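Student: I am new to this structure. Could you show it to me and explain the terms used for it?

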Amino acid sequence: VRRDVCLLPTGEVIDDYYLWEGRDWVAVFALTAAGEVLLVRQYRHAVGQFVWELPGGVIESGEDAVAAGLRELREETGYSAEQGQLLTAMSVDPPKATFFNHLVVAHGCRSAGSQSLAPPEEIEILTLPPQDLLAWVRQGIIWAQSTVACIYRALDILDLWGAAPRRDTP
């Protein structure tokens, strides 16, 4: 956490403006040869629960987002990809966070061996058809904000909705 003095465009000054600093990270929308998407489930201490997410992690210093995504995919799932592509980058929290979430799509993913997890990581792996991802989001099974945003962006950019997306409003 960093404390700044913030000068707004209006000229107003906020003396104690706190920012969350961190390194950029990557989420991987990994498509298997069968057209399914890889998910990982792991314990997240901040929320005290097991969470379904897209594979991903922190981008190391000097590493580009695609390389980081393919590395994280291999470590967390044991899968490798024929090709990786950067789809977009999204601000994690524009008012407070200084880092970005990069969304990578990995095509042609196949099992390439076992996971390479660092202790005490324990990660469960699952593949789902893209249309089931939407059902899981709508049912609240997938609920982590970053994963939900990445799923919707990937489905939109890749045009993988299956059926027409539901456009009702709450």
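Tutor: The questions below deal with surface exposure, salt bridges and one helix.
Tutor: This is a predicted model, in which local features need pLDDT of at least 70 and side-chain atom pairs count only at pLDDT 80 or more, while totals for chains, interfaces and linings use all residues. Residues are numbered from 1 along each chain as its sequence is written, and side-chain values use heavy atoms, with hydrogens and water left out.

Student: Why is Val-5 called exposed?
Tutor: Exposed means over 50% relative accessible area, buried under 20%, and partly exposed in between (1.4 Å probe, protein chains only). Val-5 has 57%, so Val-5 is exposed.

Student: What makes Arg-2 and Glu-21 a salt bridge?
Tutor: The term requires a side-chain nitrogen of Lys or Arg within 4 Å of a carboxyl oxygen of Asp or Glu. In this pair the closest N and O atoms are 2.7 Å apart, so the pair qualifies. Arg-2 lies in strand β1 and Glu-21 in the loop between β2 (13-19) and β3, so the pair ties together parts that are 19 residues apart in sequence.

Student: Why is Glu-21 called partly exposed?
Tutor: Its relative accessibility is 43%, so Glu-21 falls in the middle class.

Student: How do you know that the span of helix α3 agrees with the expected one?
Tutor: The expected span is 1.5 Å times one less than the number of residues. For the 14 residues of α3 (residues 145-158) that gives 20 Å, and the end C-alpha atoms are 20 Å apart, so the two agree.

Student: Which residues of α3 are buried?
Tutor: They are Thr-147, Val-148, Cys-150, Ile-151, Ala-154 and Leu-155. Seen down the axis, these buried residues fall within an arc of 165°, so they line one face of the helix.

How values were computed:
Helix = DSSP H or I, 4+ residues; strand = E, 2+ residues; numbered from the N terminus. Arc of directions from axis to C-beta.
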